[in-house]
Each structure stands twice: as C-alpha cells, then as structure tokens.
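Biologist: I've got this one open in the viewer and would like a guided tour. I'll throw questions at you, and please show your reasoning.

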Amino acid sequence: MWIERYYGSVCERLAREFPAVLLTGPRQVGKTALLRHDYPHSTYVSFDHPAVARQAESNPNEFFASLKEPVILDEVQYVPEIFRHLKVLIDRNRKNGRFFLTGSQSFSLMEGVSESLAGRCGIAEMHSLSLDEISRHDSSVSDAQYIIQGGFPELYKGGIENVKDWFGSYLATYLERDVRNVRNVGDLRDFERLLRALASRTAQLLSYSDLARDVGIAPNTAKQWISILRASGQIYLLEPYFESHGKRLIKSPKLYLMDTGLACYLTGISSWEDLIRSPLTGAIWETFIVGEVVRYFLARGEKYPLWFWRTAYGDEVDLLIERGGRFIAIEAKFAESPSGSDWKGIKALKDFYGEKRIERSYLACRTKHPYLNSDTNTKVIPASSIGKRKLEKSRE
C-alpha cells in the first residue's frame, strides 16, 4: 500500500536544481520509501549495513565506481567521510539529480553537508504523515484517530495490532540507534524521562531549569539533549513574535512534539476517551494544529516564518504566519462551538496591530462546517481542513 506524499514534488524540484538531494527527518517517516518509489530505476545502497559502510569508508573510489547513477545513498550519517568524496565527484560532473541521500537529522550529518556540499546539495526536511495526506488515501481516518495514532506511515499499512507496542519499539530503537551515537548522552533512562516530561509539556513555554529539576539533570544537560531532539526532528520549537528582533532572542519558545501519536503514547493516552478526560486535551489539540501547519509548509519546500504571540497580560494567539510584515493568525480550540474567551487572543492581536496587519485569521476547532465569525472577521474551520488551505495565498 502506498500513500502519496507531498514531499515528492519538493525532491523532484531539487533534483532539477542540484547534483545531490538530501532528505532528512526522524526515523520511520518514509524517507527511503519515498525515494525508492519515485526513483525506481536508481541504484540503492544502505549504509545501515556495516559491511557496506566499511567498504565506502575504506575504498570510496572503488565503491562509487561500482554504482550506476542516479544513486540513492541511505542512512548517510553512518559514513560522515563520504561527503568529501561526493564533493569531488560532483565537482567533476555538475549534472543535476545524480545522488539522493537520506539521513536521520544529526549534528554530524548537517555539518558534513554544510562543509562539503554547500551549493551542491538541496535539502528537504520530511516528517510523519499529515492528516491531509492520510485522508486523501483513506477518507475514513478521523481527527480523533489521527491524533491518538499519529502519522507514522507504518501504522497505516495494516498488520499493527497494538499501537502502543509499535511506539515502545520505536522509542527503544530511537534511543539505541540515534541517541547513543550523539555525545553527551550518558544515561538513556534519564533521556527517556526527559522525553516523557517534554510530552507532558507540549504546547507550553520551554523552561530548561524547570525541566531539569523535574527530570533530575543539570540545566545544561537539558539544553544539550533538547538540541538532539530538535536535530532528529522529534520536537519543534516555536519562537515568540516581537517587532524587536532582540526581544525575540531573549524570550522563551513554545515546545511541541512533532507527532501527536508519540505525545499520547508518552503521556499514557491511548484512546479518544482518555484524551477528553486528560488535563492535556487542549495542549494535544494545539500540538496537532501547529504540527499540521509546519508539515504543510515543509512538504511544499516552503519555510515561512512561524511564530506565536503572547502579551504580558496573558493574551495569546497560537500561531502567526508572517508574510512581508502582515500575518495569518491561527488559533486552536478543542471546542465544537467556540464562544466567549475563545476569541480573546485574536481580538487582542487585531487591537494591538490593527486590522490591516492581519491578512486572515482562522480558528481551528471541532466544528463540522466552516463559517465566518463576524465579530472578529475570523473564519472558523474544521481542524481537518487546516492542511488543505492555501495558507500562503492572498485573502479568500
């Protein structure tokens, strides 16, 4: 079973523009499957096999000479020296679309690309399936199922009887294969406790000191480990918006787990009923909405500035998309029929910046049908439509 990914068009465009294309992202989001599906006649090599990795390291000239181009090089983070050899090959022949690379994001991987392949390699960041991608394949998948199950493709192929078993295995694999390869991670049990603590804080302001205290580690250790989680695509940090760039740098970001299924697993939520009863209901819903918007832009190769807005008085808008000094504002609410305080943040934003600065405003909730709230000139939309909207276009 194949679920069409929007990232395919991004890779195709980059292959027309660069000799090499690097597709990065967390484990099990479908990077290899996408490239092998879209480029079936390419030579495929996986450095996940130690013998292949050793061959590429010990005799790169002979290794590359044996490969028919184009070539898919999988898990390139295991052979960091390969980037210097790719540079030599590319400089000899600048033909585009020669090499397709995949790798779970890591510091060594991105350092290798920036040092050796600058200007020679297009980079695309891939994440788990969005609800829009899944629903185009299977319209029966609901918001509720997606939030609890998440977007890892393996969970939608059939044959997985217990989602919790899959996430348990995924977490163990991630810790063992990715985290152990990164320096400064001493105790994997502490690292797993950090992951669970972050899941319980999704959609909240990030405080390194509070997090470190609760996990029982030093604040600097918390910072280092969160950097690992960011580099491997497990979490997303959303910065606050201020007119002053200096203020943006000193304020705390909000933290989100990129996959709601993993967030639910780590917090013990295994059903929609569990979520409704949980104190994390609103936070998980907001995580879902922000994740859909982030995926929307990444899957199209777009990197619009995304922010959240909060005042000292507690007024807040969950997501701002900045376009040339104007904003598209998105508020996430778990309610089926928003009312009262649900509009407080959007009203405050429009009062603060003026109507002309707000290009459009949405409130994404559990409504069945979209409608316009005339008091705030805000469109109320079903959450399932957030990834389908042309967020980067002009007012509808």
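Modeller: One term first: a residue is buried under 20% relative accessible area, exposed over 50%, and partly exposed in between, using a 1.4 Å probe and protein chains only. Keep in mind that this is a predicted model, where local features need pLDDT of at least 70 and side-chain atom pairs count only at pLDDT 80 or more, while totals for chains, interfaces and linings use all residues. Residue numbers start from 1 along each chain as its sequence is written, and side-chain values use heavy atoms, with hydrogens and water left out.

Biologist: Which strands stand at the edges of the sheet, each with a single partner strand?

Modeller: Helices (H or I, at least four residues) and strands (E, at least two) are DSSP runs numbered from the N terminus, and two strands pair if DSSP finds at least two bridges between them. Five strands make an open, parallel sheet in the order 2-3-4-1-5. A single partner means that one side has no neighbour in the sheet, which is why the edges are strand 2 (43-46) and strand 5 (121-125).

Biologist: In strand 3, what is the bridge partner of Val 45?

Modeller: Strand 2 runs parallel to strand 3 (residues 71-74), and four bridges join them. Val 45 has its partner in strand 3, and that partner is Leu 73.

Biologist: At about what angle does helix 5 run to strand 4?

Modeller: Axes here are lines fitted to C-alpha atoms, for helices over the stretch in contact, and angles run from 0 to 180 degrees between N-to-C directions. Helix 5 (residues 82-92) lies across strand 1 (20-24), strand 3 and strand 4 (99-103). Its angle to strand 4 is about 165°.

Biologist: What arc do the buried residues of helix 5 cover around the axis?

Modeller: The buried set in helix 5 is Ile 82, Phe 83, Leu 86, Leu 89 and Ile 90. They sit on the same side of helix 5 because their arc, taken from the directions from the helix axis to the C-beta atoms, is only 120°.

Biologist: How many residues in the contact of helix 1 with helix 2 are nonpolar?

Modeller: The axes of helix 1 (residues 7-17) and helix 2 (residues 31-38) come within 11 Å and cross at roughly 65°. By contact (heavy atoms within 4.5 Å), Tyr 7, Gly 8 and Cys 11 of helix 1 meet Leu 34, Leu 35 and Asp 38 of helix 2. Count Ala, Val, Leu, Ile, Met, Phe, Trp, Tyr, Cys and Pro as nonpolar, Asp, Glu, Lys and Arg as charged, and the others, Gly among them, as polar. The split is then one charged, one polar and, for nonpolar, four.

Biologist: How far apart in space are Met 126 and Tyr 7, C-alpha to C-alpha?

Modeller: Met 126 is in the loop between strand 5 and helix 7, and it counts as buried because its relative accessibility is 0%. Beyond its neighbours within four places in sequence, Met 126 touches residues including Arg 5, Tyr 7 and Leu 34. Met 126 and Tyr 7 are 119 residues apart in sequence, yet their C-alpha separation is 7.0 Å.

Biologist: Is Ser 130 buried or exposed?

Modeller: Ser 130 lies in the loop between strand 5 and helix 7 (131-137). Leaving aside neighbours within four places in sequence, Ser 130 is in contact with Tyr 146, Glu 292 and Arg 295. Its relative accessible area is 7%, so Ser 130 is buried.

Biologist: What is the approximate phi of Gln 28, which is not a glycine?

Modeller: Most residues other than glycine have a negative phi, and most peptide bonds are trans. Gln 28 is in the loop between strand 1 and helix 2, and at 44% relative accessibility it counts as partly exposed. Its phi is positive, at about 70°.

Biologist: Which residue does a cis peptide bond join to Glu 69?

Modeller: Look in the loop between helix 4 (60-65) and strand 3. There, omega is about 0° for the bond joining Glu 69 to Pro 70.

Biologist: Which strands are the edge strands of the other sheet, pairing on one side only?

Modeller: That open sheet has nine strands with mixed pairing, in the order 6-8-7-9-10-11-12-14-13. Pairing on one side only are strand 6 (204-205) and strand 13 (371-373).

Biologist: In strand 8, what is the bridge partner of Tyr 236?

Modeller: Strand 7 (residues 235-240) and strand 8 (residues 254-257) run antiparallel, with four bridges. Strand 7 also pairs with strand 9 in the parallel sense over two bridges. On the strand 8 side, the partner of Tyr 236 is Tyr 256.
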